[in-house]
Amino acid sequence: MPARVAVMTTTPGQAPAVTMAPTGQRPAIDLSSVTKSFGKVHAVRGIDLQVQPGEVVAFLGPNGAGKTTTIDMLLGLSKPDSGTVEVFGMHPRQAVARGLVAAVMQTGGLLKDLSVRETVQLTASLFVQTRSPQECLERAGIADIADRKVSKCSGGQQQRLRFAMALVSDPALIVLDEPTTGMDVTGRRDFWNAIHRDAERGRTVLFATHYLEEADMYADRIVLLRQGQIVADGTGPQIKAMTSGRTVRATLPGADEHALAALAGVDSIEVRGDSVMLHSRDSDAVARFLLTQTPARDIEIEARGLEDAFIALTSDDSDNNGQGEQR
Ligand SMILES: Nc1ncnc2c1ncn2[C@@H]1O[C@H](COP(=O)(O)OP(=O)(O)OP(=O)(O)O)[C@@H](O)[C@H]1O
């Protein structure tokens with residue numbers, strides 16, 4: 001078992017920042033060839049993933065990609081059919097029992113008649129060693145509503161309360177499963193600001209989300225899942241660059257779809273009336289072809305966003321995308 005050390009930094013005028021980090025620099029998360037099926041459903045199909053201490057990682061993927069199944073195994077709530085799951089070099093249950101890991105889930109875990117402060121105090125009473133409830137409330141950004149009843153808190157405030165509860169054992173790793181589902185824009189922003197401020201102190205964070213912007217804004221690294229496999233792994237800009245293509249639009253009556261689709265770098269093509277729209281990783285080549293080999297006119301070229309990257313990498317015809325950057 002790795003011993004834990006307290007890394008303390010104190011700046012005049014600021015409260016000391018204490019981050020508990022396991023020594024030995026074992027990966028915070030180490031998944032090796034992990035599979036998990038439910039009957040005929042192959043929810044996780046051979047995942048290899050290492051997350052280093054201090055990384056903030058987004059687990060991004062469409063419905064049914066296997067995010068929750070993987071998180072459940074990380075938290076020791078279920079076992080892989082094959083492969084290994086280690087958290088700080090130990091079995092997930094051991095890591096949870098030692099207070100090294102805490103989770104923020106979407107629902108459950110709150111008693112509506114307690115106040116926010118009482119909820120965190122009750123959580124603290126379950127652990128031998130804890131951070132002070134007041135500090136957890138402050139870090140989660142809800143000290144100002146400490147006396148409010150849970151039933152009167154908004155969805156976003158309840159999620160920050162779950163975050164405060166997760167902070168009680170000062171875990172080295174926090175895992176969040178789609179923590180902002182159903183929150184409005186302000187609630188999401190406040191929630192992520194609280195997580196991010198805390199992560200800057202060195203805590204490892206892994207969160208599952210459907211929100212691309214959230215992943216791009218708040219994660220150091222995005223791991224994209226599709227049908228139980230990792231199809232991309234990198235920073236937001238790297239993920240975007242993987243489908244870096246651009247969209248080329250042109251007016252081209254009677255476009256030869258097959259000839260255009262066969263051009264190098266073209267991922268997809270749409271024809272609407274006299275307009276043609278090509279998604280391509282080599283927009284220059286497409287534009288050159290259109291200008292020199294066809295009577296195309298009104299040519300426009302625009303960059304694709306993270307949304308396009310997500311769709312390109314997770315759609316059923318994406319098998320040729322995103323294979324180059326896996327780490
Ligand atoms: N207990 C279960 N019994 C049967 N099938 C399951 C069970 N849990 C998950 N699955 C199936 O495994 C696949 C992966 O589900 P999982 O919940 O891990 O995906 P997800 O990426 O978290 O999706 P979402 O974004 O919708 O929450 C899905 O096809 C799901 O229906």
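In which hand, left or right, does α3 pass α5 in their crossing? I would like to begin there, and then move on to the neighbouring topics of a second helix pair, the ligand and the domains. Please keep in mind throughout that this is a predicted model.

The answer is that the crossing in which α3 passes α5 is right-handed. The contact itself is made, on the side of α3, by Val116, Thr119, Val120 and Thr123, and, on the side of α5, by Leu161, Ala164 and Met165. Sorted by class, that contact of α3 with α5 has 5 nonpolar and 2 polar residues, and no charged residues. As for the geometry, helix α3, which covers residues 116-124, packs against α5 with the axes 9 Å apart and at an angle of about 30°. Since angles under 35 degrees count as roughly parallel, α3 and α5 are therefore roughly parallel to each other.

Helix α5, residues 155-167, also has a contact with helix α6, residues 185-199, and here the axes come within 9 Å and cross at roughly 15°. By the same reasoning, α5 and α6 are therefore roughly parallel to each other, and their crossing is right-handed. The residues that meet are Gly155, Gly156, Gln159, Arg160 and Phe163 in α5, and Gly187, Asp190, Phe191, Ala194 and Ile195 in α6. By class, the residues of this contact of α5 with α6 divide into 4 nonpolar, 4 polar and 2 charged.

Let me turn to the ligand. Which residues are found around the ligand? They are Phe38, Val41, Ala43, Gly61, Asn63, Gly64, Ala65, Gly66, Lys67, Thr68, Thr69 and His210. In terms of secondary structure, β4, residues 41-51, and α1, residues 67-74, each supply at least two residues of this shell, and α1 gives the most to the shell, with 3 residues. Divided by class, the residues of the shell around the ligand are 4 nonpolar, 7 polar and 1 charged.

Finally, a word on the overall arrangement. How does the domain assignment divide the protein chain? The assignment gives a domain 1 made of two segments, 4-36 and 45-240, and a domain 2 that covers 245-303. Taken over C-alpha atoms, the centres of domain 1 and domain 2 are separated by 44 Å.

To return to the opening question, then, α3 passes α5 in a right-handed crossing, and the crossing of α5 and α6 is right-handed as well.

Conventions. Residues are numbered from 1 along each chain as its sequence is written. This is a predicted model: local features need pLDDT of at least 70, side-chain atom pairs count only at pLDDT 80 or more; totals for chains, interfaces and linings use all residues. Axes are lines fitted to C-alpha atoms, for helices over the stretch in contact, and angles run from 0 to 180 degrees between N-to-C directions. Helices (H or I, at least four residues) and strands (E, at least two) are DSSP runs, numbered from the N terminus. Angles under 35 degrees count as roughly parallel, over 145 as roughly antiparallel, 65 to 115 as roughly perpendicular and the rest as oblique. A crossing is left-handed if the near helix is turned anticlockwise from the far one by less than a right angle, and right-handed if clockwise. Two residues are in contact if their C-beta atoms, placed from the backbone, lie within 7 Å. Ala, Val, Leu, Ile, Met, Phe, Trp, Tyr, Cys and Pro count as nonpolar, Asp, Glu, Lys and Arg as charged, and the others, Gly among them, as polar. Domain bounds come from an automatic or database domain assignment. A residue is near a molecule or strand if its C-beta atom, placed from the backbone, lies within 6 Å of it.
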